[in-house]
Amino acid sequence: MNLGDFSNFPATIIILLINIIVSLLGFYNRNITEKAIMWPYGVKRHQQYYRFISSGFIHADFMHLFFNMFTFYFFGQNLEKIFIYGRLGGSISFIILYFLALIVSDLPSYFKHKDDSNYLSLGASGAVSAVVFGSILFMPWDSIYIWGAIKISAALYAVLYIVYCVYMSKRNIGNVNHDAHLWGSLFGLIFTFLIVAVLQPDLIGLILEQLKHPSLLGN
């Protein structure tokens with residue numbers, strides 16, 4: 001992975017590194033995972049509200065970590081640069097988006113499972129989805145190369161990402177909270193649109209114009 005110029009998207013790199021470090025620690029130390037994992041019952045009974053955040057920095061396995069961080073790196077650097085150079089609040093807006101998405105995307109699962117002592121979930125899914133959909137608001141038809149060979153548009157990748165999450169959610173394997181993808185995606189779109197509407201409303205016309213020229217395989 002080429003991290004490029006750190007100064008161009010510092011928050012993306014810092015968040016990515018924290019995810020990798022904490023997840024790796026959790027892989028080899030079960031106590032870390034148990035203390036950080038989202039446990040709605042514990043949040044309600046013991047006021048462990050920190051789990052809304054901590055659960056987003058641990059992952060189920062190496063594949064789960066890689067898939068989330070690969071997606072986050074590609075879309076995160078683009079969105080953070082847009083926030084910086086588009087005068088949309090810079091890295092601060094990006095950080096707020098990420099952490100609010102962790103919380104908002106977990107709320108439906110919390111209310112659904114707050115009385116279920118056996119329910120556990122983990123992963124950065126909600127926040128990553130928010131970043132993905134916030135990013136494609138500006139660059140829906142930019143190209144992504146899956147496995148370095150298959151060229152598709154960012155919008156198509158986002159759709160496939162959500163389809164995969166819904167499919168995995170129905171299979172209900174492991175503690176991965178795939179439902180958070182949907183809510184994170186919606187939050188990312190709404191938050192980013194509001195940031196544009198408040199800080200740079202003139203960009204709305206450019207965003208709508210882009211959507212008129214689709215390219216499923218990317219430009």
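Helix H7 (residues 125–136) and helix H9 (residues 179–199) have axes that come within 7 Å of each other and cross at roughly 40°. This is a predicted model, and the crossing of these two helices is a convenient place to enter it. Two packed helices are described by the angle between their axes and the distance between the axes. Angles under 35 degrees count as roughly parallel, and H7 and H9 are therefore oblique to each other. The handedness can be given as well: H7 passes H9 in a right-handed crossing.

H7 also takes part in a second pairing, with H6. The axes of H6 and H7 come within 7 Å and cross at roughly 130°. An angle has to be over 145 degrees to count as roughly antiparallel, so H6 and H7 are oblique to each other. Their crossing is right-handed.

These helices belong to a longer series of elements. The secondary structure of the protein chain amounts to 10 helices and 2 strands. Read from the N terminus, the order is α-α-α-α-α-α-α-β-β-α-α-α. The protein chain has 219 residues, and 48% of them count as buried.

Helix H6 spans residues 90–113. One of its residues is Ile-103, which also belongs to a nonpolar patch on the surface. The patch covers about 580 Å² and is made by Ile-92, Ile-95, Ile-96, Leu-100, Ile-103, Leu-107 and Phe-111. How exposed is Ile-103? Its relative accessibility is 31%, so Ile-103 counts as partly exposed. Residues of a patch need over 30% relative accessible area, and Ile-103 has 31%.

After H6 the chain enters the loop between H6 and H7, where Asp-115 is found. Which residues does Asp-115 meet in salt bridges? One of them is Lys-44, with the closest N and O atoms 2.7 Å apart. This pair links distant parts of the chain, since Lys-44 lies in helix H3 (residues 40–46) and the two residues are 71 residues apart. Asp-115 also forms a salt bridge with Arg-45, where the closest N and O atoms are 3.5 Å apart. Arg-45 is in helix H3 and Asp-115 in the loop between H6 and H7, so this pair ties together parts that are 70 residues apart in sequence.

Lys-44, Arg-45 and Asp-115 are thus linked in a network of salt bridges. How accessible are its members? Asp-115 has a relative accessible area of 49% and is partly exposed; the cut-off for exposed is over 50%. Lys-44 counts as partly exposed at 32% relative accessibility, and Arg-45 is partly exposed with a relative accessible area of 37%.

A search of the whole structure finds 3 salt bridges. Among them is one between the side chains of Lys-212 and Glu-209, at 3.5 Å from N to O. Lys-212 is exposed, because its relative accessible area is 59% and the cut-off is over 50%. Glu-209 has a relative accessible area of 37%, so this residue is partly exposed.

Returning to the part of the chain around H3, helix H2 (residues 30–36) contains Lys-35. Lys-35 is exposed, with a relative accessible area of 58%. How far apart are Lys-35 and Tyr-50 in sequence and in space? They are 15 residues apart in sequence and 9.8 Å apart in space, taken from C-alpha to C-alpha.

Two loop residues remain to be described, and both concern the backbone angle phi. Most residues other than glycine have a negative phi. Gln-47 is not a glycine, yet has a positive phi of about 55°. This residue is found in the loop between H3 and helix H4 (51–54). With a relative accessible area of 48%, Gln-47 is partly exposed.

Arg-87 is a residue other than glycine with a positive phi, near 55°. Its place is in the loop between helix H5 (62–85) and H6. At 64% relative accessibility, Arg-87 counts as exposed.

How values were computed. Residues are numbered from 1 along each chain as its sequence is written. This is a predicted model: local features need pLDDT of at least 70, side-chain atom pairs count only at pLDDT 80 or more; totals for chains, interfaces and linings use all residues. Side-chain values use heavy atoms; hydrogens and water are left out. Patches are made of residues with over 30% relative accessible area and no salt bridge: like charges are joined within 9 Å, nonpolar side chains (Val, Leu, Ile, Met, Phe, Trp, Tyr) within 5 Å. Accessible areas come from the Shrake-Rupley method with a 1.4 Å probe; for residues, only the protein chains shown count as cover. A salt bridge is a side-chain nitrogen of Lys or Arg within 4 Å of a carboxyl oxygen of Asp or Glu. Helices (H or I, at least four residues) and strands (E, at least two) are DSSP runs, numbered from the N terminus. Buried means under 20% relative accessible area, exposed over 50%, partly exposed in between (1.4 Å probe, protein chains only). Axes are lines fitted to C-alpha atoms, for helices over the stretch in contact, and angles run from 0 to 180 degrees between N-to-C directions. Angles under 35 degrees count as roughly parallel, over 145 as roughly antiparallel, 65 to 115 as roughly perpendicular and the rest as oblique. A crossing is left-handed if the near helix is turned anticlockwise from the far one by less than a right angle, and right-handed if clockwise.
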